[in-house]
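Work through the two exercises below on empty space in a protein. Each task is followed by a stepwise solution.

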Amino acid sequence: MSHVLVLVDAPEGEVRKSTLELLTLARRFGRPAAVVLQAADPAAVEQLGRYGAETVYVVDDPAARDFLVAPTVDALARVAGGLLKSGDLAGVLTGSSPDAKDVAARLAVRLGSGVVTDAVNVEAGDDGRPVAVQSAFAASYVVRSRFPAGVPVIAVKPNAVTPEEAPVEPAVEQVQISFTDLGKGARITSRTPREASGRPELTDASVVVAGGRGLGGAEAFALIERVADQLGAAVGASRAAVDAGWYPHSHQIGQTGKTVSPQLYLAAGISGAIQHRAGMQTSKTVVVVNKDPDAPIFELSDFGVVGDLHAVLPQFSQEIDRRRS
Ligand code: FAD
């Protein structure tokens, strides 16, 4: 089997769960190899090997971190080009953040290949080549795409699969690159770390509890936060709640907010406007609390409660406590 390159997401050196998911998916149609754009932290290399990365390519050049996505594309294209020469590249997997999708699209152009973004799964086709699975139009359609030519480049959403260990002793290869001036066109001048909330990162979280205008005020987000903390979940909000100043924009889910794809999405007091669905429609299980039985969000829900969230959510919390005690 040929190699599958996985672009590692490891802010501050810590490999994110989404990368381990990509390594797990890569094993379905090839031999995973990880591309790391920073110094090779031994713990990170060990972790990548534990999830099946046979080779870890390390591009330890500040340019890969100090500029926007172009140097990352240079680095991936260089490693991919080397493998392609020996006919040893089955595909490239990246995450699904805006930057990662940008990288995937640019890389596909460089490789003369196709790209699929927002994949919710990657399967091995009958011919052993990958089939990218997308969920479209509020999860009404499942789209399976094959790549008839070129190297498949697929940007995969978080929580597509549960990471599975497949330990190997990875070979570490340092890669030297001279980045093009064009690639250094936009420098990152500062970074502001996200304020630690103690909750998981919204876009990675496997459980999200979100509130909307139906909460009626900022203070009612305490109900959402309580359930979120009981479930180890991230907190999300509709745009109506954010625009009202009840919760920060960094938590907004939807077309003009973040895209989430958790195993469980609990929406309380959210009507389910198309722009909101755009950010959560690939959630695996959707639970809804809404007092209007005709609210469109019920079309997406697996379980729904028609009722006042101010009464339902506290009972929900009590029931979780009761079952855990
Ligand atoms: P509403 O639509 O007002 O729904 C509130 C719901 O709460 C209702 O269904 C109601 O029945 C229920 N409710 C009320 N009281 C209670 C109660 N006590 N208990 C239980 N249920 C109750 N929206 C986003 O969310 N994200 C986006 O990224 C986004 N981007 C947009 C981009 C554009 C260009 C545009 C035009 C719009 C965008 N919107 C976005 C806005 C979107 O169209 C909706 O207006 C918004 O999602 C509505 O938020 P909501 O569901 O919280 O509020």
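On a 1 Å grid over the protein atoms alone, a pocket is an open set of points with protein on both sides within 12 Å along at least five of seven lines, while a cavity is a set where a 1.4 Å probe fits but cannot get out; lining residues have an atom within 4 Å of a point. Points are joined across faces, edges and corners, and the space filled by probe spheres set on them is the volume. The model is predicted: local features need pLDDT of at least 70, side-chain atom pairs count only at pLDDT 80 or more, and totals for chains, interfaces and linings use all residues. Residues are numbered from 1 along each chain as its sequence is written, and side-chain values use heavy atoms, with hydrogens and water left out.

**Exercise 1.** Describe the largest pocket and place it relative to the domains.

Step 1. The largest pocket holds about 1900 Å³ of space.

Step 2. Its lining has 50 residues, with Asp 9, Pro 11, Arg 16, Ser 97 and Asp 99 nearest the centre.

Step 3. Helix H5 gives the most to this lining, five residues (helices are DSSP runs of H or I, at least four residues, numbered from the N terminus).

Step 4. Domain 1 (3-184) and domain 2 (207-324) both contribute lining residues, so the largest pocket lies between them. The domain bounds come from an automatic or database assignment.

**Exercise 2.** Describe the largest cavity.

Step 1. One cavity of 30 Å³ or more is counted. The largest cavity has a volume of about 60 Å³.

Step 2. Lining the largest cavity are 13 residues, including Val 36 and Gln 38.

Step 3. Helix H2 (residues 42-50) gives the most to that lining, with three residues.

Terms used. Helix = DSSP H or I, 4+ residues; strand = E, 2+ residues; numbered from the N terminus.
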